[in-house]
Amino acid sequence: MLGQPDDPRGIVLPLDGRPGGTETGAPERNGGPRPLRNGTPPPGPALLLSWTPTPAVDNDDRTWATLSASSELARRLAPDAGRAPAAGLTFRLALPEAFGAEPLLRLAGGETAAAAPGSSALVPVAPTAPGDRHGAGLGLLTLTTAAEIAATGTQTRVLDELTAAVDQLAPSCVMRLDSRLRAAEESLREAQTELLERGSLVVDGDATDSGSPSRGLETAVANLSVLRHQTHAWIAGWERVVAGADPSGTPGLALRDALGEVGKLGWTGFPAAVHGAYQALVLDARRILLTAADHLLRAPNRPLTALRPLVESDLAGRAADVARLHRLLTTLSTLPQTVRKRSGGMMPNLIADQAAANARSQALFTRMANALRSPVWDGRVVVEVRSLDSGELQVLRPV
């Protein structure tokens with residue numbers, strides 16, 4: 001299929017199963033020429049697949065995941081059915097767009113993958129069997145992997161920054177993490193691995209052949225649905241508190257009490273609730289993309305463009321909720337906090353204590369808002385995969 005390793009050229013794989021021509025056209029967005037058909041670029045997007053010999057000495061451990069030689073990704077990268085990809089090569093898979101996953105990637109940001117060295121002579125590849133020799137399936141695996149790498153990296157960074165801010169500025173606030181979120185995170189990681197290994201999500205022993213997900217993933221989906229609704233209620237309640245505050249100055253103690261009254265969490269529970277709300281929204285966005293990809297991988301004749309209507313609206317909703325949370329914290333960070341006068345004259349120590357608490361809470365809001373600021377995504381979807389002598393594949397983090 002790929003003509004490698006003797007032919008060190010890139011290949012354009014149509015993502016809708018159409019046959020390609022024999023010439024190359026003008027460069028496509030995100031790199032590489034597109035195949036021509038009858039002298040004009042064919043309609044529809046295409047995945048650019050290129051490879052280069054892996055350097056003999058590589059001390060940079062970029063491994064994000066290691067897959068078996070019999071994995072679905074290895075099968076789709078193999079030159080012929082029943083063979084493994086040639087060892088000692090680093091493959092680069094680049095998509096021209098995110099096919100509906102743009103809201104998630106804008107939320108998570110995207111790290112720039114290493115550019116393919118030199119220029120590639122691109123060869124269009126026509127499908128030889130439905131669902132087997134065109135790029136839709138490989139594109140789905142590429143897209144979900146790129147989104148998972150970006151989303152998990154950004155999510156970890158944000159949660160670490162939120163935790164550090166609380167530890168430094170509000171040490172009395174206990175960061176109790178919801179075990180349902182931890183379990184959902186583990187299930188989503190396993191689901192991504194299963195997509196790359198088997199081309200579908202795990203079906204447990206009690207499931208039928210209809211394609212039911214594993215019990216762990218089903219539980220994660222149910223829990224994330226509950227947590228998402230809880231998050232919506234919290235954000236709406238916090239927004240009402242901010243809307244009712246005096247923009248010229250609000251007693252800090254009253255503001256903190258009002259924020260803690262939402263969900264009966266108390267002020268000490270507010271930072272952990274923000275932490276959990278962000279995590280629930282991002283995990284649910286990752287779930288949406290993974291389950292939709294699984295659905296399309298089970299229908300191999302459908303083009304990758306069919307992904308957009310399945311995910312775009314829901315992912316945009318999750319990204320909008322994170323944006324609401326960011327705006328809320330930004331507003332809180334700029335809301336003047338005052339000291340109640342009744343604490344006044346006879347007890348200057350209380351005035352000093354309340355002023356210090358106001359300063360700490362305002363600094364906390366600022367740090368949390370900064371943590372939730374969305375990073376920049378350059379619009380590219382690129383994944384690199386290294387083929388080892390053992391036949392295993394290493395999915396690499398971007399440089």
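Here is a walk through the structure above, which is a predicted model.

Let's start with the whole chain. The protein chain has 399 residues, and 51% of them count as buried. Its secondary structure comes to nine helices and eleven strands. If you take the contacts with a separation of 6 or more, 83% of them are between residues 24 or more positions apart. Keep that figure in mind while looking at the helices, where we go next.

Helix 3 runs over residues 136–169. With 34 residues at 1.5 Å each, helix 3 should span 50 Å, and its end C-alpha atoms sit 49 Å apart, so expectation and model agree. Of those 34 residues, 25 are buried, so helix 3 is largely enclosed by the rest of the structure.

Next along is helix 4, residues 179–198. The same check works here: 20 residues at 1.5 Å a residue should give 28 Å, and the end C-alpha atoms are 28 Å apart, which agrees. Which residues of helix 4 are buried? They are L181, A184, E185, S187, L188, A191, Q192, E194, L195 and L196. And what covers these buried residues? The cover includes strand 5 (63–67), helix 1 (72–77), helix 3, helix 5 and helix 7. Right after helix 4 comes G199, which has a positive phi, near 80°.

Helix 7, one of the elements covering helix 4, takes in residues 270–297. Its 28 residues, at 1.5 Å a residue, should span 40 Å; the end C-alpha atoms of helix 7 are 41 Å apart, so that agrees too. Helix 7 is also mostly covered, as 26 of its 28 residues are buried.

Now for how some helices pack against each other. Take helix 5 (residues 215–244) and helix 8 (residues 308–334): their axes come within 10 Å and cross at roughly 30°. Angles under 35 degrees count as roughly parallel, so helix 5 is roughly parallel to helix 8. The crossing of this pair is left-handed. On the helix 5 side, the contact is made by R228, H232, I235, A236, W238, E239 and V242, while helix 8 brings R318, D321, R324, L325, L328, T331 and L332. Sorted by kind, the residues of this contact are seven nonpolar, two polar and five charged.

One residue of that contact deserves a closer look: D321, which lies in helix 8. Is D321 buried or exposed? Its relative accessible area is 9%, and since buried means under 20%, D321 is buried. Setting aside neighbours within four places in sequence, D321 is in contact with H232, I235 and L281. H232 and I235 are on the helix 5 side of the contact with helix 8.

Helix 8 has another partner, helix 9 (residues 348–371). The axes of helix 8 and helix 9 come within 8 Å and cross at roughly 150°. An angle over 145 degrees counts as roughly antiparallel, so that is the label for helix 8 and helix 9. This crossing, too, is left-handed. Helix 8 contributes H326, L329, T330, L332, S333 and T334 to the contact, and helix 9 contributes Q362, F365, T366, M368 and A369. Here the residues divide into five nonpolar, six polar and no charged.

Let's leave the helices for a strand. V382 has its place in strand 10 (residues 381–387), and with a relative accessible area of 13% V382 is buried. How far apart are the C-alpha atoms of V382 and L95? They are separated by 6.5 Å, although the two residues are 287 residues apart along the chain.

Finally, two loops each hold a residue with a backbone angle worth a glance. F99 is not a glycine, yet it has a positive phi of about 55°. F99 lies in the loop between strand 6 (89–95) and helix 2 (102–108). At 2% relative accessibility, F99 counts as buried. K264 is not a glycine either, and its phi is positive as well, at about 55°. You'll find K264 in the loop between helix 6 (252–261) and helix 7. At 67% relative accessibility, K264 counts as exposed.

Notes
Residues numbered from 1 in each chain as written. Predicted model: local features only at pLDDT ≥ 70, side-chain atom pairs only at ≥ 80, totals over all residues. Heavy atoms only, no water. Helix = DSSP H or I, 4+ residues; strand = E, 2+ residues; numbered from the N terminus. Expected span 1.5 Å × (residues − 1). Buried < 20%, exposed > 50% of the residue type's maximum accessible area, 1.4 Å probe, protein only. Axes fitted to C-alpha atoms, helices over the stretch in contact; angles between N-to-C directions. Parallel < 35°, antiparallel > 145°, perpendicular 65-115°, else oblique. Left-handed = near helix turned anticlockwise from the far one by under 90°. Contact = heavy atoms within 4.5 Å. Nonpolar A, V, L, I, M, F, W, Y, C, P; charged D, E, K, R; others polar.
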